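Please walk me through this structure, starting with one of its sheets and then turning to its surface and its aromatic rings.

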Amino acid sequence: MSDVLARLAELQRADLPTHGGRTLAYVYDSGLAEVDRVGREAVAAFAATNGLDPTAFPSTLLMENEVVGSTADLLDAPATCVGTVTSGGTESVLLAVQGARDSRPDLVEAGVRPRLVVPSTIHAAFHKAAHYFGLDLVVVPVGADFRADVAATRAAVEADPGRTVLVAVSAPSYAHGVVDPVTEVAAIAAEHGIRCHVDACIGGWVLPYAARLGRDVPPWSFAVDGVTSISVDLHKYAYTPKGASVLLHRTPELRRAQLFACADWPGYTMLNSTLQSTKSGGPLAGAWAVLRSIGDAGYLDLTRQVLDGVDRLVAGIEALPALRVVAPPDSTLVAVATDDTCDVFTLVDELGLVGWLAQPQMRYGDQPATLHLSLSAATAPLVDELLDALATAVATAVARGPVAVDPAVVEFVEALDPGALGDDDFDGLLAAVGMEAGADGPALPERMAEVNALLDLASPALREALLGAFLDRLARPTRA
Ligand SMILES: Cc1ncc(COP(=O)(O)O)c(C=O)c1O
């Protein structure tokens with residue numbers, strides 16, 4: 001049996017580090033080893049507990065109600081507020097959209113597609129929700145400050161208010177780290193009796209503490225009239241183990257359509273508040289344990305640390321001539337653009353080679369590709385080191401020059417119709433970027449700059465098709 005665990009440890013060594021503060025996307029590290037240990041033990045202790053039936057496992061009900069209560073306290077929620085612990089931000093968003101849709105059965109029964117109005121910076125989870133639940137996604141371009149454009153949002157809502165079931169905004173947006181004008185957008189929604197969801201998946205555990213630290217935080221919580229629901233991930237800045245988010249509704253009535261019961265089959269009557277039915281008690285217990293271990297004063301301190309780190313990072317980046325912070329961050333996320341001398345994808349590769357994971361963000365409309373950095377409390381003491389790594393990586397990227405994509409390839413890629421591509425075409429395209437499928441599936445080149453440069457040239461639809469084909473080839477069973 002120890003062999004099995006040794007093998008798992010070996011597999012883990014190929015992964016990005018989850019701790020240490022140098023992985024600037026995917027993971028969030030408090031830097032508190034003892035808290036992490038408590039979280040892990042709680043996950044393990046409740047791994048087999050089934051949250052499907054809170055009467056059979058009352059521990060799950062108690063933990064969920066306490067976690068939701070703590071979240072409601074943090075988010076200025078009224079006494080009427082109710083909530084649900086979900087498996088993550090995407091599930092919280094999916095349920096907010098599903099609930100909004102199903103609160104309007106008249107539309108669905110009349111065969112009319114409900115509308116969901118969002119700024120272009122909203123998280124991709126809303127695209128997924130619209131796709132899964134058959135809503136028309138109305139994407140409104142943002143202003144020059146990367147925040148939702150209030151006038152354009154009003155126009156989009158008023159183009160068809162009767163069919164609009166939800167307006168959503170971010171606090172803050174993932175790509176640029178800024179908070180949308182929640183007060184104004186929620187007022188527009190309320191004027192028309194439409195729900196307004198605030199996606200605070202990534203900022204919801206930071207912004208309340210930032211405000212208490214005296215920082216200028218735009219209003220975004222339930223204190224804003226017209227906000228009907230909010231999503232907050234615990235597995236991000238509450239630093240809990242993966243698999244925990246909270247979806248809050250201002251009233252039980254707003255949550256009703258989210259609850260699903262099925263008695264019309266020969267087995268047990270199924271009753272769910274989430275997409276999952278059987279669900280491990282592990283992530284919930286891990287979240288409950290970490291929230292209690294860190295506590296209010298602990299989160300205030302972690303937020304002070306990480307925001308001080310963000311300030312120092314932003315100042316240091318502004319001092320590097322080839323780099324520019326895209327928008328002054330309202331929270332812990334920093335988007336960085338490069339000038340013409342420095343290829344952004346080469347910069348990502350160079351940082352990776354010295355142990356810093358930064359995430360590339362492809363161009364969008366007329367906005368250039370950027371580098372995304374999500375800071376954690378554990379990153380804060382390392383900011384000087386990160387700035388040194390950035391300065392060195394910039395110098396190397398400038399020296400290497402721009403990634404040259406053959407103009408013929410550019411022309412070829414731009415002419416491709418993703419809908420018309422078959423498996424052979426995808427195999428050819430993956431091989432062309434050095435990712436041909438071997439016995440173990442497609443290989444990733446050590447340097448991704450050329451692949452990213454090519455993807456950056458492709459339309460979003462082609463990028464989606466190519467990446468789908470890539471994942472399809474990666475995810476193949478390992479057989480004996
Ligand atoms: C603003 C926002 N919403 C939703 C999500 C989706 O969360 P998850 O990856 O936990 O499903 C994220 C993830 O980064 C996010 O930043």
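Two strands are taken to pair if DSSP finds at least two bridges between them. In this predicted model, strand β12 and strand β13, which spans residues 370–374, meet that condition with 3 bridges and run in the antiparallel sense. One of the contacts between them can be named by residue, since Pro360 has Leu371 in β13 as its bridge partner.

These two strands belong to an open sheet of 4 strands, arranged in the order β10-β11-β13-β12 with antiparallel pairing. At the edges lie β10 (323–325) and β12 (359–361), each of which pairs on one side only. On average, and with direction ignored, neighbouring strands of the sheet are turned by 35 degrees against each other.

Helices pack on this sheet as well. Helix α11, residues 282–318, touches β10, β11 (333–338) and β13, and its direction makes about 140 degrees with that of β10. Helix α12, residues 344–353, touches β10, β11, β12 and β13, and the direction of this helix makes about 40 degrees with that of β13.

Elsewhere, on the surface, Val4, Leu5, Leu8 and Leu11 form a nonpolar patch whose accessible area together is about 380 Å²; Val4 has its place in helix α1, which covers residues 2–12.

Turning to the aromatic rings, the count comes to 6 aromatic pairs. The ring centres of Tyr28 and Tyr237 are 5.0 Å apart and their planes stand at 65 degrees, so this pair is edge-to-face. The pair links distant parts of the chain, 209 residues apart, with Tyr28 in the loop between α1 and α2 (33–45) and Tyr237 in the loop between β6 (229–233) and β7 (245–249).

Notes: Residues are numbered from 1 along each chain as its sequence is written. This is a predicted model: local features need pLDDT of at least 70, side-chain atom pairs count only at pLDDT 80 or more; totals for chains, interfaces and linings use all residues. Side-chain values use heavy atoms; hydrogens and water are left out. Axes are lines fitted to C-alpha atoms, for helices over the stretch in contact, and angles run from 0 to 180 degrees between N-to-C directions. Contact means heavy atoms within 4.5 Å. Patches are made of residues with over 30% relative accessible area and no salt bridge: like charges are joined within 9 Å, nonpolar side chains (Val, Leu, Ile, Met, Phe, Trp, Tyr) within 5 Å. Accessible areas come from the Shrake-Rupley method with a 1.4 Å probe; for residues, only the protein chains shown count as cover. A salt bridge is a side-chain nitrogen of Lys or Arg within 4 Å of a carboxyl oxygen of Asp or Glu. Rings of Phe, Tyr and Trp (its six-membered ring) pair if their centres lie within 6.5 Å; planes under 30 degrees apart count as stacked, over 60 as edge-to-face and the rest as tilted.
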